[in-house]
Amino acid sequence: MDKNRRYRLTAAFALLGAGVLVLFALNICIGSVAISLPDILRTLGERRDTEAISRILWDIRLPRAAAALILGGALALAGYLLQTFFHNPIAGPFVLGISSGAKLAVALVMIFLMGRSVRVTSADMIFAAFAGAVLSLGFVLLLSRRIQSMSGLVVGGVMIGYICSAVTELVVTFADDADIVNLHNWSRGSFSGMTWGNVTVMSVVVLLTVLFVFLMSKPLGAYQLGDAYARNMGVNLRLLRGCIVIASSMLSACIVAFAGPVSFVGIAVPHLVKTLLGTTEPIRMIPACFLGGSVFCLFCDLLARTMLAPTELSISTVTAIFGAPVVLWIMGRKNADRQS
Amino acid sequence: MEQYYFMTKKMCVGYGNRPLIKDVEIALAKGEILSLIGPNGAGKSTMLKSIAGQLRLLGGTVYLGQASLSEMKGNELARKMSVVFTQKVRAELKSCRDVVATGRYPYTGWFGVLSGEDARIVDEVMALTRITDIGGQDFNKISDGQKQRVMLARAICQEPEIIILDEPTSYLDIRYKLEFLSILDEMRKKKGLTVIMSLHELELARIISDKILCLKGAYVERCGTPAEIFETDFIERLYGMEEADFLKDERFLAYVRQIGSG
């Protein structure tokens, strides 16, 4: 590898790393009560539940920022995997209806369990979301056998998404009043109300999945060249496809279970990161996408909390504002490529 | 039996469950070049894809050395056989050198990082195929002819014992066509590389091949050495031109006859 490329990669990773740190700090400083950095450092040193600042920090802001960091990374990585899988730059968990499928499954399980006054655990939610994600991805796969074009696949995915959302609305309407408030907030997508228990579970699941994906980086690189060449290089395509489906569903499921569906991060971040790195090699893209997703979600959540404070925006509102233009840009560039 | 490196026994190829070409018997010694010729749609690509293990065989067996191809593990086969197909690799944000380096895949470790030795082989092959000067350029921005040379370099980088090429010279100008074939010729002399390829340039197939397989419709029309294959009116029959009006034109007839008999 030549020197220029190495400098560029180092600079890109340094930028992403610094971005995560700075935005994480901003996220715990800024809010309805501003906390200064020295105060934060003092409070982080020892946790005192009697102090208001300490409670705000430990019970609200830290878990929330941690969730944005972990789930944002997971979401971007899920998008990258799906784009690689379908050889389609505008694929992602949200546009392919995978998030909506997971959302439907979670809504059903929540209503069913709450109706019987059973406490819903994080594990239940993840499991339900995973089942929903795999099911809707299965539908998309069936579609993709018939529809070859890039936009056709996405339209199919969006339709699956709409169907799942409609059914979700329907079951929410028939749910008990007390559940609706909960469900409604969650189904719009938000990082609020995270507990340390949530954060622990999501860290474990996401970390294991990311590690699993990282171990696949070599066959993923071969897969990017196209099926025929990957097969010639000795890649077991069936096995690899299965692994990608499981990993991307798991990551998407995690996000939906804890934060509800979050749009556009999955498409926009991998594309921005790819442009930043100047390469699509999985071994670099996987960690970079994760960091990029964290930066993007920390930034968007900060805006969601503070822009119209004390009212909170749903996270998808903010991610769409910054993410959707990126998608348009990708599509425009694709067409330009074809014409040139 | 031992003297042959590549063999097919009663090979039957086609898509889905519909056999297209049946009972193909090929036997090649190490270092031999086999060319497939025949009209468009005769199944040359289908046959090459089947030989390369990209399409499931509908019957029969392909042998590489002593082993049946279908029983080889992916990585083992990848070190023995490499391919150049008409479809180009997807290579987003990859330089030509990156594309060539993907040929080292079967030899690298778990994360696919190139060793110094791998890098040396990549550079060597790029020099051999004369693409060192375009090594840094974006693969998606070079010409089709240049892409074909990069794809050949990629395949050679894989250090195969046998190489399968589907119309590898179609976009090349006369100079690079000859150079391309001379590289294959050199590889087979030096390293005993066995070559199976489809060619549309009959006069080139004639001078470079040890054996020629003629495909027409659903069967192997003929298989033999160039001297056996090329007869006065064979080309006209193979490509179904006996009745063609344009061969009434003397200039065209002379051209076809010259390829046939030379």
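**Figure 1. Helix H5 against the sheet of chain B.** Two residues are in contact if their C-beta atoms, placed from the backbone, lie within 7 Å. The view belongs to a predicted model. Helix H5 of chain B, residues 144-157, lies across strands E6 and E7 of chain B. The helix runs at about 175 degrees to E6(B).

**Figure 2. The six-stranded sheet of chain B.** This open sheet has mixed pairing and follows the order E6-E7-E8-E3-E9-E10 in chain B. Its edges are formed by strand E6 (81-84) and strand E10 (219-224) of chain B, each of which pairs on one side only. Between neighbouring strands of the sheet the average turn is 15 degrees, direction ignored. In general, strands of a sheet pair through backbone hydrogen bonds, either parallel or antiparallel.

**Figure 3. Strands E7 and E8 of chain B.** Within the six-stranded sheet, a parallel pair is made by strand E7 (residues 162-166) and strand E8 (residues 194-198) of chain B. Five bridges connect the two strands. At one position of this pair, Leu165(B) stands opposite Met197(B) in E8(B).

**Figure 4. The four-stranded sheet of chain B.** A second open sheet of chain B contains four strands in the order E2-E1-E4-E5, with antiparallel pairing. Strand E2 (18-29) and strand E5 (67-68) of chain B are the edge strands, and each pairs on one side only. Strand E1 (residues 4-15) of chain B is joined to E2(B) in the antiparallel sense over eight bridges. Here Met11(B) faces Val24(B), which belongs to E2(B).

**Figure 5. Helix H1 of chain B and the two sheets.** Which strands does helix H1 of chain B lie across? Helix H1, residues 44-51 of chain B, lies across strand E3 (33-37), E7, E8 and strand E9 (211-216) of chain B. With E8(B) the helix makes an angle of about 150 degrees. H1(B) also lies across E1, E2 and strand E4 (59-64) of chain B. Its direction is at about 120 degrees to E1(B). The strands E3, E7, E8 and E9 of chain B are members of the six-stranded sheet, while E1, E2 and E4 of chain B are members of the four-stranded sheet.

**Figure 6. Domains of chain B.** The assignment divides chain B into domain 1 (1-80 + 160-230), domain 2 (90-158) and domain 3 (231-262). A distance of 25 Å separates the C-alpha centres of domain 1 and domain 3 of chain B. Where these two domains of chain B meet, nine residues of domain 1 are in contact with nine residues of domain 3. On the domain 1 side, helix H7 (202-208) and E9 of chain B are the elements that give two or more residues. That side of domain 1 of chain B comprises five nonpolar residues, one polar residue and three charged residues.

**Figure 7. The contact between chain B and chain A.** How many residues does each chain bring to the contact? Chain B contributes 21 residues and chain A contributes 21 residues. Helix H2 (74-78) and E6 of chain B each supply at least two residues of the side of chain B that touches chain A. The largest share of this side, four residues, comes from H2(B). By residue type, the side of chain B that touches chain A holds twelve nonpolar, seven polar and two charged residues.

**Figure 8. Chain B as a whole.** Ten helices and ten strands are found in chain B. The C-alpha trace of chain B spans about 60 × 40 × 35 Å along its principal axes. Its radius of gyration is 19 Å, which agrees with the value near 18 Å that a compact globule of 262 residues would have. Of the 262 residues in chain B, 39% are buried. Among contacts in chain B with a separation of 6 or more, 68% are between residues 24 or more positions apart.

**Figure 9. Chain A as a whole.** Chain A has 14 helices and zero strands. Its radius of gyration of 20 Å is close to the 20 Å that the globule rule gives for 340 residues, so chain A is as compact as a globular protein of that length. The C-alpha atoms of chain A occupy a box of roughly 65 × 55 × 35 Å along the principal axes. Buried residues account for 47% of the 340 residues in chain A. Of the contacts in chain A between residues at least 6 apart in sequence, 78% link residues at least 24 apart.

Key
Residues are numbered from 1 along each chain as its sequence is written. Chains are lettered from A and ligands numbered from 1 in the order in which they are written. This is a predicted model: local features need pLDDT of at least 70, side-chain atom pairs count only at pLDDT 80 or more; totals for chains, interfaces and linings use all residues. Two strands pair if DSSP finds at least two bridges between them. Axes are lines fitted to C-alpha atoms, for helices over the stretch in contact, and angles run from 0 to 180 degrees between N-to-C directions. The radius of gyration is taken over C-alpha atoms; the globule rule is 2.2 Å times the number of residues to the power 0.38. A residue is buried if 20 or more other C-beta atoms lie within 10 Å of its own, exposed if 12 or fewer, and partly exposed in between; C-beta atoms are placed from the backbone. Ala, Val, Leu, Ile, Met, Phe, Trp, Tyr, Cys and Pro count as nonpolar, Asp, Glu, Lys and Arg as charged, and the others, Gly among them, as polar. Domain bounds come from an automatic or database domain assignment.
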